[in-house]
Amino acid sequence: MDTATATVHAAARRDTVDLELVVPAFNEAARLPATLAEVTTFLAGQRWRSRVVVVDNGSTDDTATVVEAGNWETEVVVVGCSRPGKGAAVGRGIAGSRARFVGFIDADLSTPVPTLTRAVDALEAGAAAAIASRHAPGAELACPQPVARRLGGSVFRALARQLVPGVYDTQCGFKLFDRPAVQRALRRCHVSGFAFDVELLRQIRRAGGRITEVPVVWTDDERSTFRPLRDGRAAFADLFRLYRADLLGTAGAGVR
């Protein structure tokens, strides 16, 4: 496929494609060029017509500039999001999509890009969500997280599993969705931080959507923007708010 240099601003029309990938980005100028090169090269060789949407989540570095200056193999657009939080950035990107399938990947590419093939296959087979999993049977951790994060993650997974039964890993940053299903679910979501995945998957499940986990070989990136004390505390707080909303029978209303 010929190289397509097509980086545009959010104001431009996002035409219908088969697959749209959202990349939430906060101060990712150093990491994005290699990430976008790998992702767009892979997408250019697939049968889907694709687009990558970088959501600049209030960066203070040259995140938008390096994206706009790139020479990518598939179309890349930049969207701004002033509301802080990964969930807010992902929601901003997904809400504006007109693709058949839409999802998000983390800028660190801890999950191998070819996972997209199995995820798309699952969606074409009728799943509403196809999510990469580091803990489903068959998954491997090529480079595990530090001990403190692993312990915190184990507790978080145990609590999240009560809200989304049967799902081993709600937090892996690699998820694809049937676009109408995820946009309906987003309208009922309120969490904007690192726990937003739990609420989003819960809303999809509540609407009758099937969630397929795709086991992956996952590699921890020590440059992760997640800070265990600050972000972990906030994620657990949001999780307990979701529990409280369930007890009150409000299905997430009032969770902020």
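Residues 24 or more positions apart supply 82% of the chain's contacts that have a separation of 6 or more. The model is predicted. Its chain is built from eight helices and ten strands. There are 256 residues, and 52% of them count as buried. The exposed surface of the chain comes to about 11,600 Å². Carbon and sulfur atoms supply 54% of that surface.

Two nonpolar cores were examined. The largest has 36 residues. Phe 177, Val 198, Ile 204 and Ile 211 have the most contacts inside this core. Helix H7 gives the most to this core, with five residues. A second core is separate and has 34 residues. Among its members are Leu 32, Leu 116, Val 120 and Leu 176.

Ile 211 illustrates the packing in the largest core. Neighbours within four places in sequence are set aside here. Ile 211 is then in contact with Ala 129, Ile 131, Val 164 and Val 167, among others. Its contacts also include Leu 201, Ile 204 and Arg 205. Ile 204 thus appears twice: as a contact of Ile 211, and among the residues with the most contacts inside the core.

Helix H3 spans residues 86-95 and is mostly covered. Eight of its ten residues are buried. Lys 86, Gly 87, Ala 88 and Ala 89 are among the buried residues of H3. Val 90, Gly 91, Gly 93 and Ile 94 are buried in H3 as well. The cover over these buried residues includes both strands and helices. The strands include E2 (19-25), E3 (50-56), E5 (101-105) and E8 (174-178). The helices include H6 (179-186) and H7 (196-206). H7 therefore has two roles in this description, as part of the cover of H3 and as a contributor to the largest core.

Gly 85 lies in the loop between strand E4 (75-80) and H3. Gly 85 is partly exposed because its relative accessibility is 23%, whereas Lys 86 in H3 is buried. With neighbours within four places in sequence left aside, Gly 85 is in contact with Asn 57 and Ser 192. Gly 85 and Phe 194 are 109 residues apart along the chain. Their C-alpha atoms are separated by 7.3 Å.

The structure holds eleven salt bridges. Side chains of opposite charge can pair when their charged atoms come close. One salt bridge joins Glu 20 and Arg 14, with the closest N and O atoms 2.7 Å apart. Glu 20 counts as buried because its relative accessibility is 0%. Arg 14 has a relative accessible area of 10%, so this residue is buried too.

Arg 51 and Glu 75 form another salt bridge. Here the closest N and O atoms are 3.1 Å apart. Arg 51 belongs to strand E3 and Glu 75 to strand E4, so the pair ties together parts 24 residues apart in sequence. Both Arg 51 and Glu 75 are buried. A network of salt bridges links Arg 14, Glu 20, Arg 51 and Glu 75.

A further salt bridge lies within a helix. Asp 238 is found in helix H8 (residues 228-248). Its side chain meets that of Arg 241 in a salt bridge, at 2.8 Å from N to O. The two side chains also make a polar contact at 2.8 Å. Asp 238 and Arg 241 both lie in H8, three residues apart, about one turn of the helix. An α-helix has 3.6 residues a turn, so residues three or four places apart point the same way. The partners differ in exposure: Asp 238 is buried at 8% relative accessibility, while Arg 241 is partly exposed at 39%.

The structure holds zero disulfides. Two cysteines were considered individually. Cys 172 counts as buried because its relative accessibility is 0%. Cys 189 has a relative accessibility of 17%, so this residue also counts as buried. The cut-off for that class is under 20%.

How values were computed:
Residues numbered from 1 in each chain as written. Predicted model: local features only at pLDDT ≥ 70, side-chain atom pairs only at ≥ 80, totals over all residues. Heavy atoms only, no water. Helix = DSSP H or I, 4+ residues; strand = E, 2+ residues; numbered from the N terminus. Buried < 20%, exposed > 50% of the residue type's maximum accessible area, 1.4 Å probe, protein only. Contact = heavy atoms within 4.5 Å. Areas by Shrake-Rupley, 256 points an atom, 1.4 Å probe, with all protein chains shown as cover. Polar contact = N/O pair within 3.5 Å; in protein donor to acceptor, adjacent residues only side chain to side chain. Disulfide = S-S within 2.5 Å. Core = buried A, V, L, I, M, F, W, Y, C linked by side-chain atoms within 4.5 Å. Salt bridge = Lys/Arg side-chain N within 4 Å of Asp/Glu carboxyl O.
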